[in-house]
Amino acid sequence: MFQIQVRGLQSLIQKNRLMMQMLERGDPAEELVKRIVRSAKHFAPRDTGELVKSITYERTGKNKFVIKATAQNENGDPYPIFLEFGTRFIKIGTPSSPRTYTSTSGKTAQLPYIRSAIWRSTQQKDIDAVVRKILDVYK
């Protein structure tokens, strides 16, 4: 007859519970979304500052978020979509190679600003940081 003794099982179960709670709260995903919003604000044009102030995010479900820019011009017309996707008059680059220009306030901006922020924030180093946060639970 032989016996198997498992040590640390209770600790592993507790860490798994903590991990599940962390994932349910959406902490790693929300951390990534916050990075994207910070980056979008950094790269957005700043003529009046209204666009930067209007860039926010909202949780829409378990680990689901919407990033939005809701600025309006003096007539009440929304304009962030034109800066993000361009028009025949507003030329933009690609998320991985945005068009860089200096806005009237003298700040450097990039178009598109939100998709560039998503592209930059989901590069391997940022994903690694989120994974490290998750793995820290198991240390």
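Visitor: How many salt bridges does the structure hold?
Guide: The model under discussion is a predicted one. A salt bridge requires a side-chain nitrogen of Lys or Arg within 4 Å of a carboxyl oxygen of Asp or Glu. By that criterion, the number of salt bridges in the structure is 5.

Visitor: Which residue meets R59 in a salt bridge?
Guide: The nitrogen-to-oxygen separation in this pair is 2.8 Å. The pair links distant parts of the chain, 29 residues apart, with R59 in strand β1 (residues 55–61) and its partner in helix α2 (residues 27–43). That partner is E30.

Visitor: Of R59 and E30, which is buried?
Guide: Buried means under 20% relative accessible area. R59 has a relative accessible area of 35%, so R59 counts as partly exposed. The other residue has a value of 19% and is therefore buried: E30.

Visitor: What is the N to O distance in the salt bridge of K68 and E58?
Guide: This pair also links distant parts of the chain, with K68 in strand β2 (residues 64–69) and E58 in strand β1, 10 residues apart. K68 is partly exposed at 30% relative accessible area, and E58 is partly exposed at 38%. Their side chains meet with an N to O distance of 2.6 Å.

Visitor: Which helix holds R115, the partner of E84 in a salt bridge?
Guide: The side chains of E84 and R115 meet at 2.9 Å, N to O. E84 belongs to helix α4, and R115 follows 31 residues apart from E84, in helix α5.

Visitor: Is E84 buried or exposed?
Guide: The cut-off for a buried residue is under 20% relative accessible area. Its partner R115, at 26%, counts as partly exposed. E84 has a relative accessible area of 5%, so E84 is classed as buried.

Visitor: What distance separates the C-alpha atoms of E84 and Y113?
Guide: E84 lies in helix α4. Along the chain, E84 and Y113 are 29 residues apart. Their C-alpha atoms are nevertheless separated by 6.1 Å.

Visitor: How much accessible area does the nonpolar surface patch of I81, F82 and F85 have together?
Guide: One member, F82, is found in helix α4 (residues 80–85). F82 has a relative accessible area of 41%, so F82 is partly exposed. Together, the three residues of the patch have an accessible area of about 320 Å².

Visitor: Within what arc do the buried residues of helix α5 fall?
Guide: The buried residues of helix α5 (residues 114–121) are I114, S116, A117 and S121. Seen down the axis of α5, these residues line one face of the helix, because they fall within an arc of 160°.

Visitor: Which residue in the hairpin of β3 and β4 takes a positive phi?
Guide: Strand β3 (residues 99–102) and strand β4 (residues 108–111) run antiparallel and are joined by 4 bridges. Within this pairing, Y101 stands opposite A109. The hairpin has 5 residues between the strands, and the residue with a positive phi near 90° is G106.

Visitor: In which helix is confidence lowest?
Guide: The mean pLDDT of the chain is 81, and 71% of its residues reach 70 or more. Confidence is highest in helix α3 (residues 50–54), at 95. The lowest confidence, at a mean of 65, belongs to residues 124–135, which form helix α6.

Technical notes:
Residues numbered from 1 in each chain as written. Predicted model: local features only at pLDDT ≥ 70, side-chain atom pairs only at ≥ 80, totals over all residues. Heavy atoms only, no water. Pairing = 2+ DSSP bridges. Helix = DSSP H or I, 4+ residues; strand = E, 2+ residues; numbered from the N terminus. Patch = residues over 30% accessible without salt bridge, like charges linked within 9 Å, V, L, I, M, F, W, Y side chains within 5 Å. Areas by Shrake-Rupley, 256 points an atom, 1.4 Å probe, with all protein chains shown as cover. Buried < 20%, exposed > 50% of the residue type's maximum accessible area, 1.4 Å probe, protein only. pLDDT = per-residue confidence, 0-100. Arc of directions from axis to C-beta.
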